[in-house]
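This report introduces a protein to a reader who has not met it before. Please look over the sequence and the structure before reading on.

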Amino acid sequence: MAINSALIIRKLFRLAPLAHAVLCALLAAPLSALEPSPTGPLTQNRINEFAASCQTCQMAFSGLKGTPKPGETPPQFAARVESYVSALDKLARQLQPLKKPLSIHNAQLENMTQWKKVTVEISHLPTATSDIRAAWHVYKLGGDQHQLGSKLMTALLLVQSVLNALRDARP
């Protein structure tokens with residue numbers, strides 16, 4: 001019995017470098033490689049993941065105000081605006097798979113209309129983000145302050161529109 005145990009332990013130690021190499025390869029892989037394939041079949045679970053991304057972005061906009069809040073320093077305000085832009089950038093990346101042709105199983109008119117709305121609204125995200133950046137640049141130079149607030153609100157409404165359309169869309 002002791003001989004079998006020793007043999008098993010020796011075999012495990014021989015396999016350890018292989019296991020270590022596999023673990024290192026997995027850790028070195030980009031996280032996007034570990035995510036579900038966007039070209040795979042569209043499932044309700046995947047739709048829910050896209051909707052959750054929208055919800056996360058929407059939560060990043062909580063307390064939205066296009067001007068400094070009372071007691072907020074200029075660097076704090078800048079960080080808040082940058083966090084809004086960052087959330088929109090992240091959402092645009094996460095929704096990128098929906099810009100490609102989808103294999104939708106439910107071909108009813110209402111569902112196809114929802115998916116059309118999703119793709120159209122997603123295509124507006126980069127424009128909304130660049131509009132915020134431009135308004136932020138003007139604001140920092142002392143220009144029209146109301147433009148930033150309206151651009152932020154427009155982006156938030158766009159995110160909410162995508163979220164609502166995804167809630168109603170079916171695979």
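How much area does the protein expose, and what percentage of it do carbon and sulfur atoms supply? In this model, which is predicted, the protein exposes about 10,800 Å², and carbon and sulfur atoms supply 63% of that area.

## Overall make-up

The protein contains seven helices and zero strands, so that its pattern, when read along the sequence, is α-α-α-α-α-α-α. Of its 171 residues, 28% are buried.

Among the contacts in the protein with a separation of 6 or more, 74% are accounted for by residues that lie 24 or more positions apart in the sequence.

## The pair H4 and H6

Two packed helices are described by the angle between their axes and the distance between the axes. For helix H4, which covers residues 74-94, and helix H6, which covers residues 125-140, the axes come within 9 Å and cross at roughly 165 degrees. Because angles over 145 degrees count as roughly antiparallel, H4 is roughly antiparallel to H6. The crossing of these two helices is left-handed.

## Residues in the contact

On the side of H4, the contact is made by Phe-77, Ala-78, Val-81, Glu-82, Val-85, Leu-88, Asp-89, Leu-91 and Ala-92, while H6 contributes Leu-125, Thr-129, Ile-132, Arg-133, Trp-136 and Tyr-139. Sorted by class, the residues in this contact of H4 with H6 comprise 11 that are nonpolar, one that is polar and three that are charged.

Definitions and conventions. Residues are numbered from 1 along each chain as its sequence is written. This is a predicted model: local features need pLDDT of at least 70, side-chain atom pairs count only at pLDDT 80 or more; totals for chains, interfaces and linings use all residues. Side-chain values use heavy atoms; hydrogens and water are left out. Axes are lines fitted to C-alpha atoms, for helices over the stretch in contact, and angles run from 0 to 180 degrees between N-to-C directions. Helices (H or I, at least four residues) and strands (E, at least two) are DSSP runs, numbered from the N terminus. Angles under 35 degrees count as roughly parallel, over 145 as roughly antiparallel, 65 to 115 as roughly perpendicular and the rest as oblique. A crossing is left-handed if the near helix is turned anticlockwise from the far one by less than a right angle, and right-handed if clockwise. Contact means heavy atoms within 4.5 Å. Ala, Val, Leu, Ile, Met, Phe, Trp, Tyr, Cys and Pro count as nonpolar, Asp, Glu, Lys and Arg as charged, and the others, Gly among them, as polar. Buried means under 20% relative accessible area, exposed over 50%, partly exposed in between (1.4 Å probe, protein chains only). Accessible areas come from the Shrake-Rupley method with a 1.4 Å probe; for residues, only the protein chains shown count as cover.
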